[in-house]
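Colleague: Please take a close look at the pocket side of things for me, and go slowly, since I'm new to this.

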Amino acid sequence: MLFLPLMTADTKEMSFFGHLEELRKRLFRMAAAVILVAVVLFFYTEWIIDTVYIAMSKPNFITYRAFCKIGKLLDLQDTLCANEIKLQFQSIKMTGQFSTNIYFSFVGGIVLSFPYLFLQVWGFVKPGLKKNETSATKGIVLWASLLFLCGIFFGYFIIAPLTVQFFGNYTMSQDIMNIPTIGDYIGIITATTFWTGLLFELPVVIYILTKIGIVGPEFLRTYRKHAIVVVLILSAVITPPDFFSQIIVSIPILILYEISIFVSARTEKARIKSKA
């Protein structure tokens with residue numbers, strides 16, 4: 001699809017090298033956007049580390065307080081309240097803190113500039129689509145951006161805190177202290193949040209795959225049971241091994257799968273109608 005005739009402003013078709021030049025320009029813009037945001041994040045390192053990362057290791061983090069209130073409303077007493085998370089951080093390499101700083105700044109640059117990045121990718125692909133396909137994909141940049149940001153919020157405020165709380169308090173012996181490197185701690189939170197954001201792009205991915213005829217609603221319905229098993233396994237992998245956490249993570253993913261079936265059905269119907 002990427003090398004379908006790409007039309008310029010004067011409606012002339014681009015050559016193969018024209019495609020490459022257009023791709024080069026868009027990749028440069030994407031890289032510039034990520035680097036620009038990353039530089040800004042780098043200069044606000046201390047505030048970000050204290051507010052975004054270290055705060056999650058404290059019992060008064062917003063997620064822990066919310067779960068505690070929910071537990072009390074359900075008459076579960078302090079069952080859902082977070083205890084003290086016994087974590088201390090260290091950096092055991094001379095370049096450890098600097099490399100960690102570069103890492104979270106770069107990933108943060110991708111996250112915060114995602115709408116612009118997707119816009120550039122879509123801007124390269126869109127001219128190769130037919131007129132009816134272009135009209136059918138209006139708003140895709142907005143929806144992709146909203147889903148990604150919803151995934152980021154869900155990963156940061158739900159999955160990451162549950163992970164930090166579980167592994168922060170897990171010990172094989174009372175004589176062993178949890179003193180992870182700051183890179184390890186930040187890496188877990190960043191990776192969990194980022195990949196959850198990408199996971200929430202499932203409806204958009206299914207839309208595109210349905211559009212090009214790779215999958216359809218019947219395929220998704222047929223393998224719904226298999227998908228449920230995969231979701232449960234995935235939830236068990238990315239969350240602490242307790243039933244409550246796995247259910248919290250599984251529900252939105254299953255909802256996204258059902259939304260994907262609905263999106264695929266509408267897309268398939270429109271695709272068949274356009275061929276008639």
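Modeller: Let's agree on one word before we start: a contact means heavy atoms within 4.5 Å. In that sense, glutamate 268 touches Thr210, Val215 and Pro217, leaving aside residues up to four places away in sequence. Glutamate 268 sits in helix H12, residues 243-275 (a helix is a DSSP run of H or I with at least four residues, numbered from the N terminus). With a relative accessible area of 18%, glutamate 268 is buried (under 20%; exposed is over 50% and partly exposed is in between, with a 1.4 Å probe and protein chains only).

Keep in mind that this is a predicted model, where local features need pLDDT of at least 70 and side-chain atom pairs count only at pLDDT 80 or more, while totals for chains, interfaces and linings use all residues. Residues are numbered from 1 along each chain as its sequence is written, and side-chain values use heavy atoms, without hydrogens or water.

Now the pocket itself. The largest pocket has a volume of about 500 Å³ (a pocket is an open set of points on a 1 Å grid where a 1.4 Å probe fits, with protein on both sides within 12 Å along at least five of seven lines; the volume is the space filled by probe spheres set on the points). It is lined by 19 residues, and Val52, Gly108, Val111, Leu112 and Ile152 are the closest to its centre. Helices H2 (45-53), H4 (96-112), H7 (140-169) and H8 (182-199) each give two or more residues to that lining. By class, the lining has 16 nonpolar residues, three polar and no charged ones.

Follow H4 onward and you meet helix H5, residues 114-125: the axes of H4 and H5 come within 4 Å and cross at roughly 65 degrees. Ile110, Val111 and Leu112 of H4 make the contact with Phe114, Pro115 and Leu117 of H5. Those residues are six nonpolar, with no polar and no charged.

H7 and H8 have a link of their own. The rings of phenylalanine 148 and phenylalanine 194 have centres 6.3 Å apart and planes at 80 degrees, so the pair is edge-to-face (rings pair if their centres lie within 6.5 Å; planes over 60 degrees apart are edge-to-face, under 30 stacked, the rest tilted). Phenylalanine 148 is in H7 and phenylalanine 194 in H8, so the pair ties together parts that are 46 residues apart in sequence. Both phenylalanine 148 and phenylalanine 194 are buried.

Methods
1 Å grid on protein atoms, 1.4 Å probe; cavity = no way out; pocket = protein on both sides within 12 Å on 5 of 7 lines; lining within 4 Å. Nonpolar A, V, L, I, M, F, W, Y, C, P; charged D, E, K, R; others polar. Phe/Tyr/Trp six-rings, centres within 6.5 Å; stacked < 30°, edge-to-face > 60°. Axes fitted to C-alpha atoms, helices over the stretch in contact; angles between N-to-C directions.
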